[in-house]
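I opened this model to look up a handful of points before going back to the bench. My entries follow the order in which I checked them.

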Amino acid sequence: MKKYLCLLLCLFMLSTVLLTGCGKKDPEPVKPEVTEVKEPTGTLIAGITEASGNFNPLYYSSAYDGHVVDLVFEGLITRNFEGKYEGAVAESWEISEDGKTITFKMKKDKVFSDGTPVTANDVVFTYQVVADPSYTGRNGSLVKDMLGYDDYFAKKTQEFKGVEAVDEYTVKFNFKDALRVNLENCTSSILPKHYYGKDFAYNNTASVEAITSQAIGSGPYLIKEYKEKELILLERNMKFSEEGYMIKNVLMKFVDQTTDIVELTSGGVDLLPTVIEPEKIAKARDAGFSINKYQRSGYGYVKFNCGAGPTADKAVRQALYYSFNVEEFTNSYFKDETTGEILASTQYHPFSQISWAIDDKVVSEMNNYKFDLAKANKLLDDAGWVKNAKGIRVKDGKELELKVAAMPDHDILATLIPMWERDWGQGLGVKLNVAYLEFNTILDYVIYNSDANVNEWSLFFLATSITSPDPHTLYSEFHSSAIGSGKDNTGRYSNPKVDELFDNGKAIMNIEEAKPIYREAAKILNDDAAMVPVYANTYFDLYNSKITNFKTSSLYDWAKALKNAEIKE
């Protein structure tokens, strides 16, 4: 319902009796000026396939949970549609001449959804948790380069000097060195200390980690309801102080990948973000739905367990790569039968398609893992994996068995697994053991409880989005310091040279000077076959035309795009 605010309610009237013998009519009353103040209206129903229900910014791991985090929480700064940083909670910021200190002035009208003011102490608390020795989340790389982190993490002191409150609305970040990535490390979502930190103590972050679905932030929405595997209902946070976000409710509805397009065309959902299947895109186009098309920054990938089992052997990983016909998959699965266009490409490195570190020259210097079954078999032969009487390869008395952690009813895996059975099983003599696991179980295997489950899997398939053209984004994905439960190096990949390159690369301020460092890292990751990017595709956001002003891009996903979107009933 629209609300009207009257800014002028006083009427000025002449009541003076004139001395002349004839009277005059009173003038017409001045009509009050009315200014319309719009309130958020409507409900957007977005179809999602998975979410674990962990909406804690310091501990979530699923991209779907990340969309909720982005809508419920704010950081000091954020990237706009053009990819440039702008203030969120921060009003302004200043970088010292030596590049080691960044000082933020915070907006004084910011409050959390429970009405408590957002202050510098909340920022300090957030980073104290990430720096704590007991922290088991994915954000550890944010604080590694901050002043005092090493002693704080090593339990030599309980004072963390990396982030300090200058006053109630001024916070200062102190770094050991001037690094290109320092500003990016100041972007964490801010947690309210009075809520998440009421039981927090040094070296004991368990109470913070325990708060998952009951989230409180200062962002444009708050969580109204969460039903596991059913829905996430977000309601507009009316205490949010910024402009935009004029959609009142955002309902994230769980949909099946096999029927999600029917949900859209029948009106069950209004939005299917990041669709990749050509037949679904064609159906939406034919039905007159709006479509946003953009190059994805990311890919679908297979990641090997580099820390345990047969895939810890580089030769095995390379052999599996050469015998994985990713071009066959991509050219078939992503072919638009209407236009003949292939809506995806292949690449043999893990860097983003929009990364400034990659060009055609460096790609030409990498291994080209085009399908070559003979080469794959020779790699295994040379590495000592020989076939037994059953045709299964064996080394040191152990069979080459791959434990595939797979999600059930997954459209892409339904295509890939038969290919693996044909080329890895029959073509190489590999024993395949496919375990169909729920999404959250796979996350337990490779992230949340990965140390305990290290021997339970050999490979898994997931997809990822890379949030920056800066290759430092991949630091925690491949640096050995990020191996372990709750951390990002899910493949447990470890190479001292790659660690060194990533450590050196972040210190180089000039991008042109940094490029050779990251290009060398990319070539090593390619040669080590640490992971297999299966496809690098184009994204299509399919949505009802009642959603207006909805602009998305490689680095500006549908949740961010809600800032300017509206529902036109």
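Below are my notes on the overall chain, one helix, the cysteines, two single residues and the cavities.

**Entry 1. Overall chain**

I note first that this is a predicted model. I looked up the length of the protein chain and found 569 residues, of which buried residues make up 52%. The secondary structure comes to 17 helices and 25 strands. Along the principal axes, the C-alpha trace spans about 125 × 65 × 45 Å. I then looked at contacts between residues at least 6 apart in sequence: 69% of them join residues at least 24 apart.

**Entry 2. Helix 7**

I picked helix 7, which covers residues 278–286. Which of its residues are buried? I find P278, K280, I281, A282 and A284 on that list. I wanted the partners of these buried residues too. They pack against two other helices named in my lookup, helix 6 (260–265) and helix 9 (326–333). The strands they pack against are strand 13 (271–275), strand 14 (290–295) and strand 23 (531–543). After helix 7 comes G288, and its phi is positive, near 85°.

**Entry 3. Cysteines**

How many disulfides does the structure hold? The count is 0. For my own reminder, a disulfide is a covalent bond between the sulfur atoms of two cysteines. I also checked burial for two cysteines. C186 has a relative accessible area of 0%, so I enter C186 as buried. C306 stands at 13% relative accessibility and therefore counts as buried, the cut-off being under 20%.

**Entry 4. E401**

I located E401 in strand 20, residues 401–406. Is E401 buried or exposed? Neither label fits, because its relative accessible area is 23% and E401 is partly exposed. Leaving out residues up to four places away in sequence, E401 touches P310, K431, N433 and S458. With N433 there is also a polar contact, side chain to side chain, at 3.3 Å. I looked up one further pair, E401 and N526. These two are 125 residues apart in sequence, and their C-alpha atoms are 23 Å apart in space.

**Entry 5. H472**

Where does H472 lie? I found H472 in the loop between strand 22 (459–465) and helix 14 (475–478). Its relative accessible area is 7%, so H472 is buried although it sits in a loop. Not counting residues up to four places away in sequence, H472 touches R180, V181, K506 and Y518.

**Entry 6. Cavities**

I asked for cavities of 30 Å³ or more and got 2. The largest holds about 50 Å³ of space. Its lining consists of E50, A51, E228, K229, E438, F439 and N440. By type, I have 4 charged, 2 nonpolar and 1 polar residue in that lining.

The second largest cavity holds about 30 Å³. Which residues line the second largest cavity? I list F351, S352, S355, I466, S468, P469, D470, P471 and L474. This lining divides into 5 nonpolar, 3 polar and 1 charged.

**Entry 7. Recap**

I keep three items for quick reference. The structure holds 0 disulfides. The side chains of E401 and N433 make a polar contact at 3.3 Å. H472 is buried, at a relative accessible area of 7%.

Conventions
Residues are numbered from 1 along each chain as its sequence is written. This is a predicted model: local features need pLDDT of at least 70, side-chain atom pairs count only at pLDDT 80 or more; totals for chains, interfaces and linings use all residues. Side-chain values use heavy atoms; hydrogens and water are left out. On a 1 Å grid over the protein atoms alone, a cavity is a set of points where a 1.4 Å probe fits but cannot get out, and a pocket is an open set with protein on both sides within 12 Å along at least five of seven lines; lining residues have an atom within 4 Å of a point. Grid points are joined across faces, edges and corners, and a volume is the space filled by probe spheres set on the points. Ala, Val, Leu, Ile, Met, Phe, Trp, Tyr, Cys and Pro count as nonpolar, Asp, Glu, Lys and Arg as charged, and the others, Gly among them, as polar. Helices (H or I, at least four residues) and strands (E, at least two) are DSSP runs, numbered from the N terminus. Buried means under 20% relative accessible area, exposed over 50%, partly exposed in between (1.4 Å probe, protein chains only). Contact means heavy atoms within 4.5 Å. A polar contact is a pair of N or O atoms within 3.5 Å; within protein, one must be able to donate a hydrogen and the other to accept it, and residues adjacent in sequence count only if both atoms are side-chain atoms. A disulfide is a pair of cysteine sulfur atoms within 2.5 Å.
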